[in-house]
Amino acid sequence: MALCNLICESDTRLIQINREEAMNALSTALLRELSDILNTVREDSRARCVILTGVGNRAFSAGADLKERRSMSEDEVRLAVGRIRAVVEEIADLPIPTIAAVRGVALGGGLELALACDLRVMATDATVGLTETRLAIIPGAGGTQRLSRLVGVARAKDLIFTGRRISGQEAGEFGLAQYVVAVDDVLAEALTVAQTITEGGPIAVRQAKLAIDQGIEVALKEGLLIEQRAYESVIGTSDRMEGLLAFAEKRKPEYKGR
């Protein structure tokens with residue numbers, strides 16, 4: 001049985017973490033499959049948006065496979081954490097928008113996967129947290145950095161120092177989740193958001209993501225230059241002309257990604 005599934009939904013690619021019996025914990029084998037799928041998506045010229053989710057309503061992902069971790073040497077632990085970190089970065093580096101559809105628990109490395117996505121849709125009763133300090137470790141796949149950028153330094157310190165778990169409702173109030181809905185509506189909501197995204201010009205959406213991601217890491221003046229270069233890259237596209245023509249003709253544009 002595959003530990004990760006890739007499903008094509010028009011221009012959207014749905015990636016499912018498929019270890020429901022183990023709360024979708026991130027085993028070495030699962031991470032290998034997930035990395036392969038992410039590479040496939042990266043090379044898919046028709047993919048315009050990605051949704052990452054876990055199979056079932058119990059867990060997006062409970063994080064690292066601690067049963068597997070217990071038998072590892074210190075060097076093997078370093079390699080295991082490095083594997084999670086590498087996959088998280090592969091998600092963050094995808095050039096197209098990514099959405100985490102979170103049902104059930106998203107803890108530790110599981111939440112770090114969701115944090116690497118551009119947007120998060122969460123069930124009201126989801127349970128999320130960076131709980132590593134309760135195990136005498138710290139978030140090691142970007143959690144200390146991405147959470148603080150999303151919710152602010154003080155709130156991130158509170159959540160990480162205490163290892164506190166919060167609900168999807170609280171995550172929405174904190175700015176960690178952009179959409180909070182009933183558990184049965186999470187995937188449908190994520191697909192609706194993805195559909196709205198894919199109706200825009202695909203080159204423009206990619207360039208907007210690039211400008212935001214690169215600009216947030218630099219001073220405003222340099223960020224504005226990044227935005228200018230991104231804008232320059234869309235001026236010569238046929239999609240831009242199609243957008244203007246469709247507006248004039250009062251119809252829905254048909255973007256080709258050119």
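Biologist: Which element supplies the largest share of the lining of the largest pocket?

Modeller: That is α9, with nine residues. At least two lining residues each come from α9 (202-215), α3 (74-92), β7 (119-123) and α5 (143-151). These names refer to DSSP runs numbered from the N terminus (helices: H or I, at least four residues; strands: E, at least two). Please keep in mind that this is a predicted model: local features need pLDDT of at least 70 and side-chain atom pairs count only at pLDDT 80 or more, while totals for chains, interfaces and linings use all residues. Residues are numbered from 1 along each chain as its sequence is written, and side-chain values use heavy atoms, with hydrogens and water left out.

Biologist: What makes a space a pocket, and what makes it a cavity?

Modeller: Both are found on a 1 Å grid over the protein atoms alone: a 1.4 Å probe fits in a cavity but cannot get out, whereas a pocket is an open set with protein on both sides within 12 Å along at least five of seven lines. Lining residues have an atom within 4 Å of a point. Grid points are joined across faces, edges and corners, and the volume is the space filled by probe spheres set on them. Counted this way, the largest pocket holds about 850 Å³. It has 30 lining residues, and Ala-116, Asp-118, Ile-212, Asp-213 and Ile-216 are the closest to its centre.

Biologist: How many of those lining residues fall into each class?

Modeller: There are 15 nonpolar, five polar and 10 charged. Nonpolar covers Ala, Val, Leu, Ile, Met, Phe, Trp, Tyr, Cys and Pro; charged covers Asp, Glu, Lys and Arg; the others, Gly among them, are polar.

Biologist: Where does the second largest pocket have its centre, and which residues lie nearest?

Modeller: Nearest that centre are Gly-63, Ala-64, Asp-65, Leu-66 and Leu-135, out of 29 lining residues. α2 (66-70), α3 and α4 (109-115) give two or more residues each, and α3 has the largest share, four. The volume is about 720 Å³.

Biologist: How many cavities are there, and what lines the largest one?

Modeller: Three reach 30 Å³ or more, and the largest has about 50 Å³. Its lining includes Ala-64 and Asp-65, and α3 gives the largest share, three residues.

Biologist: How do you know that β4 and β6 pair?

Modeller: Two strands pair if DSSP finds at least two bridges between them. Two bridges join β4 to β6 (105-107), so the pair qualifies, and the strands run parallel. Ala-59 stands opposite Val-105 there.

Biologist: What makes a strand an edge strand in this sheet?

Modeller: The open sheet has the order β4-β6-β8-β9, with mixed pairing. β4 (59-61) and β9 (166-167) each pair on one side only, which makes them the edges.

Biologist: How do you know how many disulfides there are?

Modeller: A disulfide is a pair of cysteine sulfur atoms within 2.5 Å, and the count is zero. For Cys-8, the nearest cysteine sulfur, that of Cys-49, is 13 Å away. For Cys-49, the nearest is that of Cys-117, at 9.6 Å. Both distances fail the cut-off, so neither Cys-8 nor Cys-49 is in a disulfide.

Biologist: Are Cys-8 and Cys-49 buried or exposed, and why?

Modeller: Buried means under 20% relative accessible area and exposed over 50%, with partly exposed in between (1.4 Å probe, protein chains only). Cys-8 is called exposed because its value is 53%, and Cys-49 is called buried because its value is 0%.
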